[in-house]
Each structure stands twice: as structure tokens, then as C-alpha cells.
Amino acid sequence: ELRLVVCFPLLRCRGFRMSHQGVNSLLGSHDQAGNKQGGHTDGRAGRYFVDLFGGRNNWHSRAQCRMWYSLQAVCRGLPMMFMGTETHQDKWWNVDEQHKMNWNFVENHDPLAKQMMNLVAAANKLRLSFPSLTDDHAPVRFCHLDYQNRVLGFVRGSLLVVLNCSESQWEGRDYEVQTDSVNRKFKQVFNSQAAEFGGWEASWSSPDRNLSSSVHARLPVNLPKWSVTVYERQE
């Protein structure tokens, strides 16, 4: 439940007149990733985000990095990450030779770094492709709250965003998301658990990405663990 609660301020951007005046950095800035204490951490700071949840070789840790950055991209405010986060650099950052930005992950085409960089590029492209994601006057409508399973759904313009911040997942399109649209067609346009990001191909809701809501405005979907999935309502 706490994981869902943290999402609401991101979508409302309270304290700022315009949403672009606020910066979202769920994966940490230099204040969180930087460490001058030889690696000591309180479990919340002094390490890269991926390191706090098991390190870059831990699939679940990488999946959560993908999920949280994707959420930033569809929320109000400016999405930001500290250098090295986009390559799943682990441990901590400092100016010394052992802990500065590790360009070897990029130059040597490290597969884990490539997956996260693909995710960041796709999430940024999604944000720039739909004006409602950067429009201060586009309302945010919460349409689906499932605290028990830690699933949240909200609408921004023509987009339905579904966040699953849990280890549970649903296949065979046996999870229904409450939408605000009756008998409407949707097309899945983003999936943070896509294979090219480090997930798997069957995590998409349908092979052709096309879906339809019911007479009760419920949309049956596949819901992969630790994911952000986005559906565009078709006109």
C-alpha cells in the first residue's frame, strides 16, 4: 500500500504552480547514489537504487528500476536520473577512480546496460509522443485502485497507465482494470517488462497489442510483476 501512496504526489506535483517546475527522481540523485563514507548506507541512501535491492545482477532489482523510471515518464514533473542509473551501475558513486561513472558498460555494449538504456529511451519517447503527458492542464483521473494487489490505474488524456508494484502477475488477460471508457478499443503502446528491456515477450497483453473494454468499462490485460504498462484509447 505504501508503494501506491508514494505515486500520488508524483501525479499532482503539489507545491509547484506548473508541473515542469518540479523534478521527479525516484531512482535517486547524487544525494542518494553518492557516498563519501566508504560504502556505508542506511538502506535508503549512499547507494545506487539497483544496489539497494540486490544489485545489477538481480533481475527483480533491475525490473524495479525499469518500473519506477517508467512511472516518472508518465507522471507530472520532469523525470530525472543520476548518471550511471541508466546503465545499472551498482555500488555507489564518488569522484575516485573506482566509483566514478563506469563508461565500460556503454563502450563494451554490456547487455544489462543496453536493456536499461533501451527502456529509458522508450519511456522518454513515449512522454514526448503524447502531449497529455507534458500538458499542465491535462487532468489526471484515477480509475483503478487495488490496494490488496498493489495495482494502480490512472488516465492522462487518451492514455491509460497501469502500475503493478508487486511480485504478483496475471497472464491470459485474467486481470481486469477499471477504466473510464465503455466498449472502447485500446492499443498497448508501452510495457516496461518487454523483452528488449530485460523482461519477456509474453508479458504483452496481446500479440497485436489491441484490446477492448467491456460494457462495465473493464479492460482485461496481462499484468506482469513490477511493471508499468500503457494503453492508448482509440478514437
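Reader: Which strands does helix α5 lie across?
Author: Helix α5 (residues 59–74) lies across β4 (151–156), β5 (159–164), β7 and β10, and runs at about 35° to β10. Contact here means heavy atoms within 4.5 Å. Axes are lines fitted to C-alpha atoms, for helices over the stretch in contact, and angles run from 0 to 180 degrees between N-to-C directions. Helices (H or I, at least four residues) and strands (E, at least two) are DSSP runs, numbered from the N terminus.

Reader: What kind of model is this, and how are residues numbered?
Author: This is a predicted model, in which local features need pLDDT of at least 70, side-chain atom pairs count only at pLDDT 80 or more, and totals for chains, interfaces and linings use all residues. Residues are numbered from 1 along each chain as its sequence is written, and side-chain values use heavy atoms, with hydrogens and water left out.

Reader: Back to α5. Is α5 largely enclosed or open?
Author: Of its 16 residues, 14 are buried, so α5 is largely enclosed by the rest of the structure. Buried means under 20% relative accessible area, exposed means over 50%, and partly exposed is in between (1.4 Å probe, protein chains only).

Reader: How far apart are the end C-alpha atoms of α5?
Author: They are 23 Å apart, which agrees with the 22 Å that 16 residues should span at 1.5 Å a residue. The expected span is 1.5 Å times one less than the number of residues.

Reader: Which residue caps the N-terminal end of α5?
Author: Asn58 does, through a side-chain oxygen that lies 2.9 Å from the backbone nitrogen of His60. That pair is a polar contact: N or O atoms within 3.5 Å, where within protein one must be able to donate a hydrogen and the other to accept it, and residues adjacent in sequence count only if both atoms are side-chain atoms.

Reader: New topic, the sheet. What is the strand order?
Author: Six strands form an open antiparallel sheet in the order β3-β4-β5-β10-β7-β8. The edge strands, β3 (140–146) and β8 (210–212), each pair on one side only. On average, neighbouring strands are turned by 25° against each other, direction ignored. Two strands pair if DSSP finds at least two bridges between them.

Reader: What holds paired strands together?
Author: Strands of a sheet pair through backbone hydrogen bonds, either parallel or antiparallel.

Reader: How many bridges join β5 and β7 to β10?
Author: Six bridges join β5 to β10, and five join β7 (residues 185–191) to β10 (residues 227–233). On the β5 side, Val161 has Val230 as its bridge partner. On the β7 side, Gln188 is partnered by Tyr231 and Lys187 by Glu232.

Reader: Why is β10 described as largely enclosed?
Author: Six of its seven residues are buried, so the rest of the structure largely encloses β10. Besides α5, helix α7 (residues 111–129) lies across β7 and β10, at about 140° to β7.

Reader: What about β9? Which strand do bridges join it to?
Author: Five bridges join β9 to strand β6 (residues 170–178), and the two run antiparallel. Within that pair, Glu176 stands opposite Pro220 of β9. Strand β9 (residues 218–223) has five of its six residues buried.

Reader: Now single residues. Is Val50 buried or exposed?
Author: Val50 is buried, with a relative accessible area of 3%. It sits in helix α4 (residues 49–52). Its contacts beyond four places in sequence include Ser61, Cys65, His88 and Gln89. Lys91 is 41 residues away from Val50 in sequence, yet the C-alpha atoms are 8.3 Å apart.

Reader: And Gln89, where is that?
Author: Gln89 is in the loop between β2 (78–79) and α6 (104–107). Its relative accessible area is 5%, which makes it buried. The Gln89 side chain reaches the backbone nitrogen of Asn102 at 2.9 Å. Among the residues in contact with Gln89, beyond four places in sequence, are Tyr48, Val50, His99 and Phe105.

Reader: What does Val106 touch beyond four places in sequence?
Author: Val106, in helix α6, is in contact with Thr87 and Met117. Val106 is partly exposed, with a relative accessible area of 28%.

Reader: Last one: how many helices and strands are there in the protein chain?
Author: Seven helices and ten strands. Of the 235 residues, 51% are buried. Residues 24 or more positions apart account for 69% of the contacts with a separation of 6 or more.
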